[in-house]
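Here is a friendly walk through a few local features, with the coordinates at hand. Feel free to follow along in your viewer.

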Amino acid sequence: MIQFFKFFSLFAILLFGFSAQAQYRSQYNYIGIQGGVSSFNILTDNFNTTPQTGFTGGFSVRGGIVNSFDMIYGIDFYSQKFGIDARETTLSNTSEVDMSMLAVQVKLLGSLVLIHKHLSLELGPALQLNSKLNYDDRNENYIIDGYNTLQINDIEEISTINFNVIAGATAGFEHFRVFARYQYGVNNFFKPLNDETLENNGEEFKGNISMLEAGLTIYF
């Protein structure tokens with residue numbers, strides 16, 4: 001996580017520096033602070049997963065390019081969680097094991113303005129850097145549902161660099177707006193597992209990030 005904060009510090013300096021310059025080039029330019037909740041999951045045929053609630057917060061800049069088009073660029077931090085079915089022994093009942101990771105995203109969104117300063121639709125990419133999967137140490141040897149030997153601690157090494165596509169909407173007032181967005185991960189979240197010798201039931205491990213998020217942005 002030290003690397004995350006170093007990256008954030010550098011990005012924050014660039015963000016505010018660019019914002020100051022952009023004041024002279026765009027119709028308007030706002031610095032925003034946002035926070036919200038997310039429902040995160042991994043879409044996969046390899047495991048039985050369940051979405052769980054996490055949290056997000058960060059900074060952004062919204063700039064007016066033309067009358068009906070804005071650009072939003074910023075950085076967000078996430079606590080992302082999902083559940084995976086597993087059992088303590090091969091004879092035990094299945095239970096949900098909580099999996100989590102910390103993440104930071106850099107995003108660039110195009111915003112189609114439907115009602116000036118009140119309603120817009122947004123679309124764009126995000127680059128996500130995240131930790132490996134974390135879990136309670138008491139669950140590390142749980143056997144994942146559908147397997148005989150594959151354990152929770154076998155799947156902690158996931159892709160730590162992910163590319164997501166974001167689509168959503170923002171509504172509200174000039175300085176206070178709520179947002180709702182959906183993110184889909186384009187790359188294979190479980191790709192590193194295919195480089196290891198793991199029980200895989202004869203199939204490649206494959207999964208994609210799926211996340212709904214909603215929150216509030218305050219613009220200055």
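## Strand β8 and the nonpolar patch

Strand β8 includes Y184. This is a predicted model, and in it Y184 counts as partly exposed because its relative accessibility is 34%.

Y184 also belongs to a nonpolar patch on the surface, with an area of about 710 Å². Its partners there are L43, L123, F163, V165, Y182, V186 and L212. Two elements, β7 (161-172) and β8 (176-185), give two or more residues to this patch.

## R177, a buried charge

Strand β8 also holds R177. What is the nearest side chain of opposite charge to the buried R177? It is D70, 4.9 Å away, and R177 has no salt bridge. The salt-bridge cut-off is 4 Å, so a distance of 4.9 Å falls outside it.

A polar atom of the R177 side chain does lie 3.0 Å from the backbone oxygen of F173. Beyond four places in sequence, R177 touches a mixed set of residues, among them R62 and K117, along with Y30, T170, Y219 and L216.

## T49 in strand β2

Over in strand β2 (residues 49-66) you will find T49. Its side chain makes a polar contact of 3.0 Å with the side chain of N41. A polar atom of the T49 side chain also lies 2.9 Å from the backbone oxygen of I42.

Setting aside neighbours within four places in sequence, T49 is in contact with N41, I42, T44, F82, G83 and I84. For a pair separated by 49 residues in sequence, look at T49 and D98: their C-alpha atoms are 9.8 Å apart.

Notes. Residues are numbered from 1 along each chain as its sequence is written. This is a predicted model: local features need pLDDT of at least 70, side-chain atom pairs count only at pLDDT 80 or more; totals for chains, interfaces and linings use all residues. Side-chain values use heavy atoms; hydrogens and water are left out. Patches are made of residues with over 30% relative accessible area and no salt bridge: like charges are joined within 9 Å, nonpolar side chains (Val, Leu, Ile, Met, Phe, Trp, Tyr) within 5 Å. Accessible areas come from the Shrake-Rupley method with a 1.4 Å probe; for residues, only the protein chains shown count as cover. Helices (H or I, at least four residues) and strands (E, at least two) are DSSP runs, numbered from the N terminus. Buried means under 20% relative accessible area, exposed over 50%, partly exposed in between (1.4 Å probe, protein chains only). Lys and Arg count as positive and Asp and Glu as negative; His and the chain ends are not counted. A polar contact is a pair of N or O atoms within 3.5 Å; within protein, one must be able to donate a hydrogen and the other to accept it, and residues adjacent in sequence count only if both atoms are side-chain atoms. Contact means heavy atoms within 4.5 Å.
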